[in-house]
Amino acid sequence: MIKLSPDRKTITANGMDLSYILVEAFDKDGNPSPLADNTLQIEVNGAGYLAGVGNGNPQSLTPFKGNTVNLFYGKAMIIVGGGFKKGLTNVSVRGQGLNEVRTQLETQ
């Protein structure tokens, strides 16, 4: 299973504010899965936008702009921007063999 942990759930609608969402993989017993390297699909809807993705792998050639990211040692990062509109932003992440998870951010 995967878990999403935003550094904050409320961001400012000034076109520059960001929320960093940590993605972590766990096994069925809730233990961290450091060997997980699944490809994740990311969907962002609402007031915010997908600003970037990353996984910390220095050998990765995957672009930082895109709606997919591979887990590296069981982790990845999603960056969501607030844009200029106020409202809610829904973020969903899914991957083969993993549960789909969602989180919601508010842009004020």
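Gly-54 touches Phe-64, Val-69, Ala-76 and Met-77, leaving aside residues up to four places away in sequence; a contact here means heavy atoms within 4.5 Å. Gly-54 lies in strand 5, which covers residues 49–54. Strands (E, at least two residues) and helices (H or I, at least four) are DSSP runs, numbered from the N terminus. With a relative accessible area of 17%, Gly-54 counts as buried, the term for anything under 20%, while exposed means over 50% and partly exposed is in between (1.4 Å probe, protein chains only). Gly-54 also sits 8.5 Å from Ile-79, C-alpha to C-alpha, with their positions 25 residues apart in sequence.

A word on the model itself. It is a predicted one, in which local features need pLDDT of at least 70 and side-chain atom pairs count only at pLDDT 80 or more, whereas totals for chains, interfaces and linings use all residues. Residues are numbered from 1 along each chain as its sequence is written, and side-chain values use heavy atoms, with hydrogens and water left out.

Stepping back to the whole chain, the secondary structure amounts to nine strands and zero helices. The chain has 108 residues and a radius of gyration of 14 Å, which agrees with the value near 13 Å for a compact globule (taken over C-alpha atoms; the rule is 2.2 Å times the number of residues to the power 0.38). Its C-alpha trace spans about 40 × 30 × 20 Å along the principal axes. Buried residues make up 39% of the 108. Of the contacts with a separation of 6 or more, 64% link residues 24 or more positions apart.

Strand 5 belongs to an open sheet of four strands, ordered 1-3-7-5 with antiparallel pairing; two strands pair if DSSP finds at least two bridges between them. Strand 1 and strand 5 take the edges with a single partner strand each, so one side of each has no neighbour in the sheet. On average, neighbouring strands of this sheet are turned by 25 degrees against each other, direction ignored (axes are lines fitted to C-alpha atoms, for helices over the stretch in contact, and angles run from 0 to 180 degrees between N-to-C directions).

Going across the sheet, strand 1 pairs with strand 3 over five bridges, and here Lys-3 stands opposite Glu-24. Strand 3 in turn pairs with strand 7 over seven bridges, with Ser-19 opposite Val-80. Five bridges then join strand 7 to strand 5, where Val-80 is the bridge partner of Leu-50.

Strand 4 has partners of its own. It pairs with strand 8 in the antiparallel sense over seven bridges, Ile-42 having Val-93 as its bridge partner. Three bridges also join strand 4 to strand 6 (residues 68–70), again antiparallel, and Gln-41 stands opposite Thr-68 there.

The largest nonpolar core has 20 residues, and Leu-40, Leu-71 and Val-93 have the most contacts inside it. Such a core is a set of buried Ala, Val, Leu, Ile, Met, Phe, Trp, Tyr and Cys residues joined through side-chain atoms within 4.5 Å. Two or more residues of this core come from each of strand 1 (2–6), strand 3 (18–25), strand 4 (39–46), strand 7 (75–81), strand 8 (87–95) and strand 9 (101–107). Among the residues that Leu-40 touches, not counting those up to four places away in sequence, are Ile-2, Val-23, Leu-71, Val-93 and Leu-98.
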